[in-house]
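Biologist: I would like to learn how to read a few local features of a structure, with the general idea given before the particular case. Could we go through them one at a time?

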Amino acid sequence: MFEKNNCMDRRNFLNKGLMAGLFVNGMFGFKKKSGRKSCENIPVLVDVDVLVCGGGCSGVAAALSAARHGAKVALIERWPSLGGMATNALVNGWHRSDRQKVVINGIVEESAQRAFKHDWIVQDPNYPRAHETHWFDPEGMRIVWQQMLSEAKVRVFCYLNAGEPIIENGKIKGVLVDTKTGRKSCLGKIVIDSTGDGDIAAKAGLPFEFGRTSDGLVQGMTMMYTLRGIDAKAMKTISREKRDEIMNDMIKLRDEGKFPPFNAGNTRGLLSGWGGNFVPWNMCAVAGNPLDEEELTKLTARSREQVFQYVDYWKKNVPGMQNARVDQTGFSLGIRESRRIKGLKTLDRDMVLNAVKHPDAVGHGVWMIDIHDPKGTGYTTYTDRNDRSMLKEGTSYHIPLGMALNDRIPNLAVACRAASSTHETHASIRVQAHLMALAQGVGTCAALALDSGVDMVKVDIKKLQKILRDDGVYLEDVPS
Ligand SMILES: Cc1cc2nc3c(=O)[nH]c(=O)nc-3n(C[C@H](O)[C@H](O)[C@H](O)COP(=O)(O)OP(=O)(O)OC[C@H]3O[C@@H](n4cnc5c(N)ncnc54)[C@H](O)[C@@H]3O)c2cc1C
């Protein structure tokens, strides 16, 4: 089948021009004239029902759910291990509770249960009343997810970057990959873009937005890191006055340009001795364009240096930290936001804060609008300001399937942080448990669509929701 087809080999025209709020690159995606070239002689590496590009938390959930419902699935991941931000950037916290009850289960709960068996996860002592419910060991979660995919017989290819999409007659056939042994194709009847950045969807021509409307900037990034050599007991005895003195000194030095930016709220937590050694810290702020590789390289290097600057200061000034060392920094800089691919439905502020319910719901979300300053000061709407936008306790919003589907390429879905939302609501849906709920819905939908011989948008939504509930997904209050 594939040998007879042509593929579109296009440049990603827009990455360099990301400085305003809205870009629509659909105009490039379907221009048959631009850069068409034959794929006739390109060997096929894998030919499956569902091809998942990207193996972060959402790619794992999408692949797993599609495979468990009978689809032949392959997942391709550019890094050496699964988990994306969750493991390779050391982002290890989950938010699953509406502060009265847990409303995100399914594959998230299953992953937690597996991690518990090995002591790779802890539950918050206030569970389920705490918004943040679990903290896991990124090393352990790599293993948990790899095992779950192996058991479901998903073919996993790490060290493989998904390149240009192959488009024919308005459908995606797969993607091109450059392997150690030459260029090959990976084919799928349905392709799920879980690259976090929406690489495949954007290159296939789906319109996307980037950044906030005022200046086109995306949320700030963070280099996560762990420490060793900390005497947490001694740190816990530091008086409040002393801690304030340290914080004020750091803030003064920062404001004078003699110290790097940092997230003050989380730094206070660190200096209280909470977490001690080996808890990844979320306070090292930088900002820029995560789609510009050269800039990203500089930011990654700079943020690593910042971590060492903090520790140098603390060793001299904080009781209990004299012997502190940097244990590890993230393999990747932590990226919160980049493209938001326009879908059939766009999650907006009203939907999130007013806990709106949708007929095409595949899961629930609880997290607030949690924006890290796009200018990289380290301020966040969650920890440092009074403007946090939170849902009422005991309420949750629906995550609609429509935010992953689109009106141009029926066999392509976006199940990751690039799914359709506004800049503000991205700051809620971007958290891992929420994305895994979305991705479980999308993966299951893909398998059901193939089984029923219809496009994903045409699946029997009630049937999909029943399957999800049977699989342990919390799905309540769905309007008929
Ligand atoms: C510093 C920081 C702190 C955060 N704090 C929290 C928190 O406390 N709790 C929480 O739940 N969430 C938190 N988040 C958000 C959350 O971690 C991410 O939004 C989420 O992990 C994104 O998951 P994803 O699967 O969409 O993308 P990613 O985790 O980015 O995964 C995408 C995967 O696709 C791969 N990939 C990308 N492009 C390609 C390609 N072309 N071909 C093949 N593979 C590709 C990547 O290597 C990666 O493995 C935080 C984020 C950051 C950065």
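Modeller: What follows is a dialogue on helix packing, burial, backbone geometry and contacts, and the model under discussion is a predicted one.

Biologist: Let us begin with a single helix: how many residues does helix 4 have, and what distance does it reach from its first C-alpha to its last?

Modeller: Helix 4, residues 106-117, has 12 residues and reaches 17 Å from its first C-alpha to its last, which is close to the 16 Å expected at 1.5 Å a residue.

Biologist: Which residues of helix 4 are buried, and what do they pack against?

Modeller: The general idea is that an α-helix has 3.6 residues a turn, so residues three or four places apart point the same way. In the present case, the buried residues of helix 4 are Gly-106, Ile-107, Val-108, Ser-111, Ala-112 and Ala-115. These buried residues pack against several elements, among them helix 2 (57-68), strand 6 (93-95), strand 8 (132-136) and helix 13 (432-452); helix 5 is also one of their partners.

Biologist: How should I read the packing of helix 4 with helix 5, and at what angle do they pack?

Modeller: Helix 4 and helix 5, the latter spanning residues 138-151, pack at an angle of about 120°, and their axes are 10 Å apart. Angles of 65 to 115 degrees would count as roughly perpendicular and those over 145 as roughly antiparallel, and helix 4 and helix 5 are therefore oblique to each other. The crossing in which helix 4 passes helix 5 is right-handed.

Biologist: Which residues meet where helix 4 and helix 5 are in contact?

Modeller: From helix 4 there are Ser-111, Arg-114 and Ala-115, and these meet Gly-140, Met-141, Val-144 and Trp-145 of helix 5. Sorted by class, this contact of helix 4 with helix 5 has 4 nonpolar, 2 polar and 1 charged residues. Ser-111 and Ala-115 are also listed among the buried residues of helix 4.

Biologist: Could we apply the reading to another pair, and ask at what angle helix 8 and helix 9 pack?

Modeller: Helix 8 (residues 240-255) and helix 9 (residues 264-271) pack at an angle of about 140°, with 11 Å between their axes. Helix 8 and helix 9 are therefore oblique to each other, and their crossing is right-handed. On the side of helix 8 the contact is made by Arg-243, Ile-246, Met-247 and Ile-251, and on the side of helix 9 by Ala-264, Thr-267, Arg-268 and Leu-271. By class, the contact of helix 8 with helix 9 has 5 nonpolar, 1 polar and 2 charged residues.

Biologist: I would now like to turn to the backbone; what should I look for there?

Modeller: Most residues other than glycine have a negative phi, and most peptide bonds are trans. Asp-119, which follows helix 4, has a positive phi near 65° although it is a residue other than glycine. Ala-355, which is not a glycine either, has a positive phi of about 50°. As for the peptide bonds, the one from Tyr-127 to Pro-128 is cis, with omega near 0°, and Pro-128 lies in the loop between strand 7 and strand 8.

Biologist: Where do Asp-119 and Ala-355 lie, and why does each count as exposed or partly exposed?

Modeller: Asp-119 is in the loop between helix 4 and strand 7, and it counts as exposed because it has 9 C-beta neighbours inside 10 Å. Ala-355 is in the loop between helix 11 (349-353) and strand 19 (361-365), and with 19 C-beta neighbours inside 10 Å it counts as partly exposed, since 20 or more would be needed for a residue to be buried.

Biologist: Finally, how does separation along the chain relate to separation in space, taking Asp-231 and Met-321 as the case?

Modeller: The two separations have to be read side by side. Asp-231 and Met-321 are 90 residues apart along the chain, and their C-alpha atoms are separated by 6.4 Å. Asp-231 lies in the loop between strand 15 (225-228) and helix 7 (232-236), and is partly exposed, with 17 other C-beta atoms within 10 Å. Gly-229 is found in the loop between strand 15 and helix 7, and touches Asn-323, Ala-324 and Arg-325, leaving aside residues up to four places away in sequence. Gly-229 and Val-286, by contrast, are 57 residues apart in sequence and 26 Å apart in space, C-alpha to C-alpha.

Conventions. Residues are numbered from 1 along each chain as its sequence is written. This is a predicted model: local features need pLDDT of at least 70, side-chain atom pairs count only at pLDDT 80 or more; totals for chains, interfaces and linings use all residues. Axes are lines fitted to C-alpha atoms, for helices over the stretch in contact, and angles run from 0 to 180 degrees between N-to-C directions. Helices (H or I, at least four residues) and strands (E, at least two) are DSSP runs, numbered from the N terminus. Angles under 35 degrees count as roughly parallel, over 145 as roughly antiparallel, 65 to 115 as roughly perpendicular and the rest as oblique. A crossing is left-handed if the near helix is turned anticlockwise from the far one by less than a right angle, and right-handed if clockwise. Two residues are in contact if their C-beta atoms, placed from the backbone, lie within 7 Å. Ala, Val, Leu, Ile, Met, Phe, Trp, Tyr, Cys and Pro count as nonpolar, Asp, Glu, Lys and Arg as charged, and the others, Gly among them, as polar. The expected span of a helix is 1.5 Å times one less than its number of residues. A residue is buried if 20 or more other C-beta atoms lie within 10 Å of its own, exposed if 12 or fewer, and partly exposed in between; C-beta atoms are placed from the backbone.
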